[in-house]
Amino acid sequence: MAVCARLCGVGPARGCRRRGAAREQRRGGGGDSEPDTDTDPEEAGGGGSAVDEVAAERIEGGRPAPQPAEAGPAGRAPLSLLELPPELLVQIFGSLPGTDLPSLARVCTTFRRILRTDTIWRRRCREEYGVCENLRKLEITGVSCRDVYAKRINPRVKSGRYMKILPDYEHMEYRDVYTCLLHRYRHILGLWQPDIGPYGGLLNVVVDGLFIIGWMYLPPHDPHVDDPMRFKPLFRIHLMERKCATVECMYGHKGPHNGHIQIVKKDEFSTKCNQTDHHRMSGGRQEMKCLCLSPCVLGLQEFRTWLREEWGRTLEDIFHEHMQELILMKFIYTSQYDNCLTYRRIYLPPSTPQDLIQPGLFKGTYGSHGLEIVMLSFHGKKAKGTKITGDPNIPAGQQTVEIDLAHPLQLPDIETLRDFSELSRLVLEVQEQVRREEQEQEEEEHSQQPASQPAARPHQGEGAEGEETAAGAEGPPQEKAAASQPFVLPMGVISRNEDYPRTCRICFYGTGLIAGHGFTSPERTPGVFVLFDDDRFGFIWLELKSFSLYSRIKVSFQNAQAPSPEAFDEMLKNIQSLAT
C-alpha cells in the first residue's frame, strides 16, 4: 500500500520543497530533464481533488475529460498513477484479485472512486467465479430472468412459482454480488459429504449464474450403473436486495423457503431449514402399513414420491422382503435429517503418472442396497475404494475394497473361469502368499527393532528399495493392460447388472469389507479386482458370491482438488473415523 501511495502521489514520500520547486521549474522550462518520481504529499493533497473530479467525470459521465493544464508536453511519461487515464486505471484495477481491491481503495479518494466502477467487479466475478450473466439484461428480458430461476427448480412445476421471488437486479451492482455473496460464501464452494448416518451423500456447492447452489448428486436408478448421475438442489444463496444475501432451502415439493447456513469451522458447515412444513406434501400424513413392518404413521404419498425419485420404482414393483425393509429404513432415517444437516469437505484424489487408471469417483452396485458412490484412490502398492454413500451394513466413509497392486492375477481360460471353485482356489493361493510375505516382513522388522538409530538407516533403504520394487511391479501390469483378455463371471456369482464387459485388461488380488447390520462383526474377505477399461472396473466378492460393477462419474467438479497428498490422506482418515 505504501508503494501505491507513493506512485499515486498522496502517501508518505521523501520529497521536499526543494524537489517540488525543481519539478515545477522543469515543467515550466523544458522536458529534457528526467522526471522525478518522488512526490510531495502537500502538493498531491492540493491537486488531488481536481484529479478526482476529472476521474469521476470520465468514469461516471462516460465522456472524455480535458487534460489538466499542468500535464506538460505531449509524450512525457506520467509521474504517478493518478496521471494515467481513468479508463486505463479501470483495466489495471480490474486485473487485480478482488481481495486486494479494498486495500487499494484506502490509498486515496481517486482510487476509491474508480473502484466504484462496476465493470471492475464484473470482471472479478467472471474471472474468479465464472459469473457471466448480465445484471441489466436479466431484468429487461423476462425470459432470461426466468431461465436463471428455472435452472434451480424442478421444471415440471407451473410457471406461477417464478413470480415475485426474483431479485431486484435493476438496482444491484456487481460489487454487491462479489462482496456480499461470492466472497462471503467462498469457503463452502466444493465437494462435501453430508452427515446422514450410514448413508452419507455427495454435495457439490457451485456458483451457478448469480446464485450459489448446493446440488446433491444421486446415483442413477439400480442397476443402470452406466447412466449419468442425477442431481437435485438442496439450498441456494443469492441477493434479494443490495448487500443482503438470502439463504433458501430447496428441499421438499413446495418451492424455495427460508433457510440458514452456518460455517461451523474450517472444512465444515451446516444448513438449517426454518420452514419444515414445506417439506411435507399437501394432504398431511396418514396411517400406512409399512410394507412388511408394523403399522406406523407416515405420509403415504410422500413415501410413494420418494420411492419413485430415489429408486425409480413403485410399491408394487418391490417383492423382496429384505429389500422392502432396507428401502423403508432409509426413507424413515433420511426424513429425520430434512431440516438440519452438517457437511464435511471431501477432496478428489490426487493422480500420478504411475496410477493404474485415473483416480476419482465411481458409482457401483451393492446388491439390495442399490447403487452407491465410491472414491478410488492410489497409495503406492495399494488402491483403495472409500464409500462416499453407504448403507446400514457398510456405512459411508468406510473402505469398501482394497486392491493389492503388487499381486496381479492371471485368469484361466474362459471354460475354466466359469468354475467358481477354480477361481476360488487361485485367489486363496495368492491370499496365502500375501500372508507369508506380511509375516516375513513383520519378523524382519522385529529383528531390526533393537538396533541403534544409525543401524536403522538400511531399513529405510529397504523401504525405498521396496517402493522401487512396487513401482516395478506396477510397470508390467500396466503394459499388459493394453492387451484385453476374455472375461466371464463364474457360475453361481450373482450380478445386479448382467450387461458387464466381456473383456478385461488385468486382474489383481484384493479384499472387500463385509459386516452385519449396523456394521457389526466387520471383516475383510478375499476377492478379485477386475479392470475393464479406463472408466469401469469390477470386484468379485468370493465369500458372498456376488459381483459389483463400478462406472466412473463423468462430472467436472470445481474447487475439489486436494491442496496436497497429505491433506487428502488426512481427509480419508477423518471420514473413516467419523463412520466408525
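## Salt bridges

The structure holds 23 salt bridges. It is a predicted model. Side chains of opposite charge can pair when their charged atoms come close. Three of these pairs are described below.

## A pair within one helix

Arg-124 forms a salt bridge with Glu-127. Their closest N and O atoms are 2.8 Å apart. Both residues sit in helix α7, which covers residues 118-129. They are three residues apart there, so about one helical turn separates them.

How accessible is Arg-124, and is it buried or exposed? Arg-124 is buried, with a relative accessible area of 6%. Glu-127 has a relative accessibility of 45%. Because buried means under 20% and exposed means over 50%, that value makes Glu-127 partly exposed.

## Pairs involving Lys-382 and Lys-387

Asp-404 pairs with Lys-382 in another salt bridge. Here the closest N and O atoms are 3.6 Å apart. Which elements do Asp-404 and Lys-382 lie in? Asp-404 belongs to strand β14 (residues 399-409), and Lys-382 to strand β13 (residues 382-387). The pair therefore ties together parts that are 22 residues apart in sequence. Asp-404 is buried, at 6% relative accessible area. Lys-382 is partly exposed, at 26%.

Asp-391 forms a salt bridge with Lys-387. The closest N and O atoms of this pair are 2.8 Å apart. Both Asp-391 and Lys-387 are buried.

## A shared network

Some salt bridges share partners. Which residues do they join into one network? They are Arg-123, Arg-124, Glu-127 and Glu-128. The network thus takes in the Arg-124 and Glu-127 pair, set in helix α7.

## Nonpolar cores

The largest nonpolar core has 46 residues. Six residues have the most contacts inside this core: Ile-188, Val-205, Ile-212, Phe-235, Ile-237 and Phe-269. Which helix gives the core its largest share? That is helix α10 (residues 174-182), which supplies six residues.

Val-205 shows how the contacts run. Neighbours within four places in sequence are left aside here. Val-205 is then in contact with Ile-188, Leu-189, Gly-190 and Trp-192. The list also includes Ile-212, Ile-213 and Gly-214. Phe-235 and Phe-269 complete the set. Ile-188, Ile-212, Phe-235 and Phe-269 are themselves among the residues with the most contacts inside the core.

A second core is separate and has 24 residues. Among them are Leu-409, Leu-489, Tyr-500 and Cys-504.

Technical notes:
Residues are numbered from 1 along each chain as its sequence is written. This is a predicted model: local features need pLDDT of at least 70, side-chain atom pairs count only at pLDDT 80 or more; totals for chains, interfaces and linings use all residues. Side-chain values use heavy atoms; hydrogens and water are left out. A salt bridge is a side-chain nitrogen of Lys or Arg within 4 Å of a carboxyl oxygen of Asp or Glu. Helices (H or I, at least four residues) and strands (E, at least two) are DSSP runs, numbered from the N terminus. Buried means under 20% relative accessible area, exposed over 50%, partly exposed in between (1.4 Å probe, protein chains only). A nonpolar core is a set of buried Ala, Val, Leu, Ile, Met, Phe, Trp, Tyr and Cys residues joined through side-chain atoms within 4.5 Å. Contact means heavy atoms within 4.5 Å.
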